[in-house]
Amino acid sequence: MTESLVPRLAADTVVLRAWRLHDVDQVFQACQDEQIQRWTTVPVPYLREHAEQFILEATQRWESGSATFAAAHPTSDRVIGSFGFVTAPSDGVVEIGYWVASDARGQGVATAATRLLCGWGFDSLELARIEWRAEVGNVASRMVAEACGFTVEG
């Protein structure tokens, strides 16, 4: 899949766009963060080859129906996170997943990107439900999810 087929979603604080090969070093650096390693499924230790594989597999994720966007700063285009649907739609339901680079946290990036992604999912993909899951204790992710209208079930 070419970059032109991935939609570009924009807000004041973040742009969601296709992953690019030149993003590898930024992903590698971001995923050295202990919070990303603790709360996501990235390999530990996180090697440069993992970042390369992640970006190369982004095309396959799109082809299988799960969307993975690079979250970039709106003026510098620097990668500040990853947002996407970590499952392919099944009966109109997907699961959202995200991480934000440590130097971009606390600036509303995660909330803005989550709202962009969910709006696109409901409007363009006509999803019926978007689910968010996290391990107990991931308070920051829960705050983002709740700010975007997710409710805790269970």
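**Close-up views of a predicted protein model**

**View 1. What lies inside the fold.** Buried residues account for 43% of the 154 residues in this protein. Keep in mind as you look around that this is a predicted model. On the outside, the protein exposes about 8400 Å², and carbon and sulfur atoms supply 51% of that area.

**View 2. The chain from start to end.** Count along the protein and you will meet 5 helices and 6 strands. Their pattern along the sequence is β-β-α-α-α-β-β-β-α-β-α. With a radius of gyration of 14 Å, close to the 15 Å that the globule rule gives for 154 residues, the protein is as compact as a globular protein of that length. Its C-alpha trace spans about 35 × 35 × 30 Å along the principal axes.

**View 3. The sheet.** Here the 6 strands form an open sheet, in the order β1-β2-β3-β4-β5-β6, with mixed pairing. Which strands stand at the edges? They are β1 (9–10) and β6 (129–132); each has a single partner strand, so one side of each is left without a neighbour in the sheet.

**View 4. Strands β4 and β5 side by side.** Strands of a sheet pair through backbone hydrogen bonds, either parallel or antiparallel. Strand β4 (residues 79–85) pairs with strand β5 (residues 93–100) in the antiparallel sense, over 5 bridges. To find one bridge yourself, start at Phe 85 and look for its partner in β5, Ile 96.

**View 5. Contacts and charges.** Among contacts with a separation of 6 or more, 58% join residues 24 or more positions apart. Turning to charge, the protein carries 12 positive and 20 negative side chains. The centres of these two sets lie 4 Å apart.

Notes:
Residues are numbered from 1 along each chain as its sequence is written. This is a predicted model: local features need pLDDT of at least 70, side-chain atom pairs count only at pLDDT 80 or more; totals for chains, interfaces and linings use all residues. Side-chain values use heavy atoms; hydrogens and water are left out. Helices (H or I, at least four residues) and strands (E, at least two) are DSSP runs, numbered from the N terminus. The radius of gyration is taken over C-alpha atoms; the globule rule is 2.2 Å times the number of residues to the power 0.38. Buried means under 20% relative accessible area, exposed over 50%, partly exposed in between (1.4 Å probe, protein chains only). Contact means heavy atoms within 4.5 Å. Accessible areas come from the Shrake-Rupley method with a 1.4 Å probe; for residues, only the protein chains shown count as cover. Lys and Arg count as positive and Asp and Glu as negative; His and the chain ends are not counted. The place of a charge is taken as NZ of Lys, CZ of Arg, CG of Asp or CD of Glu. Two strands pair if DSSP finds at least two bridges between them.
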